[in-house]
Amino acid sequence: MRTDRLVAILLMLQRREQVTAAEVSRELEVSERTARRDLDALAMAGVPVYSVQGRGGGWRLVGGARTDLSGLTASEARALFLVAGPASAATPALKAALRKLVHALPEPFRTQAEAAASSLVMDPQRWGSSRVERRPPRFLDELQDAVIRGVQVRLGYVDRDGAETERTVHPLGIVAKGPSWYLVSTTETGRRTFRIDRVSSADPTGDPVHRPEDFDLAESWREIADEVDRKRTPVEVQAVCAPHGIGILRMGLGARLEVGGSTTDGRIEVVIRGYDEYTLAGELAGLVEWLEVTGPPGVRDHLASIGNALAERYR
């Protein structure tokens with residue numbers, strides 16, 4: 001994610017006034033060659049960085065760049081810190097923000113800027129097969145701001161049954177899952193995830209968020225997504241697959257497929273998750289050339305019934 005690295009380098013320059021390619025390499029865990037390319041990319045994007053040659057040299061910002069934040073708009077800040085994704089080309093707003101950042105980020109703002117850089121996770125995989133595109137939800141900006149500032153929020157929320165509740169939450173991060181947005185937070189009853197399009201009100205309290213020291217938004221979301229996937233697909237099928245069929249299973253089943261070890265006859269053990277036994281049997285019936293289901297018995301019975309029906313119809 002090159003954009004994230006460029007932001008990190010700018011923050012390093014703000015803090016230290018001068019950095020070397022070796023220091024960037026160590027801190028960002030990239031090669032020195034990559035670090036030099038990133039520093040050159042900042043200059044090409046219009047950011048006034050320059051190199052000092054010789055012993056004790058490195059990279060610096062022209063004039064020290066220690067002014068105020070007045071030149072950075074809210075939309076540019078979001079483009080810079082909240083939408084820093086893996087895209088190879090920066091948007092115009094991001095390029096403008098990169099130029100202005102050298103005249104921004106005084107000491108009081110750095111904590112929030114660094115919080116913003118880790119406040120959002122983009123998960124492109126959608127739940128199920130929905131292709132509905134939704135607009136950004138109403139309270140997205142307010143909740144992102146609460147995450148960055150680290151303040152608690154009095155949250156109004158409407159659940160899937162239409163019941164509305166209100167509670168105080170500790171916002172920890174925002175996740176974009178396909179077209180849907182989620183707030184990851186802690187509450188009096190533990191960690192909770194809220195769909196932001198179901199939020200009916202969001203009022204910051206000003207009280208600081210109690211953030212677990214070891215909290216990592218990306219790791220937390222992986223755990224949440226795995227838990228949701230298992231609830232959506234509670235049935236597990238055990239099977240063995242011919243080695244050349246594993247690729248076909250991966251394409252058709254995606255994350256619902258878990259690949260295990262080899263059996264004595266060279267086939268591969270797999271576990272496949274699905275919504276119910278009948279639906280899962282229907283999905284697997286067309287894979288009989290590569291796949292042998294070993295359990296549970298109910299899925300095998302459905303497969304046998306489907307096979308008999310096919311044989312009767314196409315006899």
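Let me start with strand 1 and strand 3 (residues 58-61), which run antiparallel and are joined by two bridges; strands here, like helices, are DSSP runs numbered from the N terminus, with at least two residues (E) for a strand and at least four (H or I) for a helix. Within that pairing, Gln18 has Arg60 of strand 3 as its bridge partner. Two strands are said to pair if DSSP finds at least two bridges between them. The two strands belong to an open sheet of three strands in the order 1-3-2, with antiparallel pairing, and its edge strands are strand 1 (18-19) and strand 2 (49-52), each of which pairs on one side only.

Before going on, I should say that this is a predicted model, in which local features need pLDDT of at least 70 and side-chain atom pairs count only at pLDDT 80 or more, while totals for chains, interfaces and linings use all residues. Residues are numbered from 1 along each chain as its sequence is written, and side-chain values use heavy atoms, with hydrogens and water left out.

Now to another sheet, an open one formed by four strands in the order 11-12-10-13, again with antiparallel pairing. Strand 11 (257-262) and strand 13 (291-295) stand at its edges with a single partner strand each, so one side of each has no neighbour in the sheet. From one strand to the next the twist averages 30°, where axes are lines fitted to C-alpha atoms, for helices over the stretch in contact, and angles run from 0 to 180 degrees between N-to-C directions. Strand 10 (residues 235-241) pairs with strand 13 over four bridges in the antiparallel sense, and there Val240 has Glu292 of strand 13 as its bridge partner.

Strand 10 and strand 13 come back when we turn to helix 10 (277-284), because what covers the buried residues of this helix includes strand 10, strand 12 (268-274), strand 13 and helix 11 (297-313), judged by contact, meaning heavy atoms within 4.5 Å. In helix 10, Leu280, Ala281 and Leu284 are buried, where buried means under 20% relative accessible area, exposed over 50% and partly exposed in between, with a 1.4 Å probe and protein chains only. Seen down the helix axis, the buried residues fall within an arc of 100°, so they line one face of helix 10; the arc is that of the directions from the helix axis to the C-beta atoms. At the start of helix 10, a side-chain oxygen of Asp276 comes to within 3.2 Å of the backbone nitrogen of Tyr278.

Which aromatic pairs are there? The structure holds two of them, counting rings of Phe, Tyr and Trp (its six-membered ring) whose centres lie within 6.5 Å, with planes under 30 degrees apart called stacked, over 60 edge-to-face and the rest tilted. Tyr157 and Phe194 have ring centres 5.0 Å apart and planes at 75°, so this pair is edge-to-face. Tyr157 lies in strand 5 (residues 151-158) and Phe194 in strand 8 (residues 190-195), so the pair ties together parts that are 37 residues apart in sequence. Tyr157 is buried at a relative accessible area of 7%, and Phe194 is buried at 0%. The pair of Tyr182 and Trp221 is tilted, at 5.5 Å centre to centre and 40° between the planes.

Terms used. A polar contact is a pair of N or O atoms within 3.5 Å; within protein, one must be able to donate a hydrogen and the other to accept it, and residues adjacent in sequence count only if both atoms are side-chain atoms.
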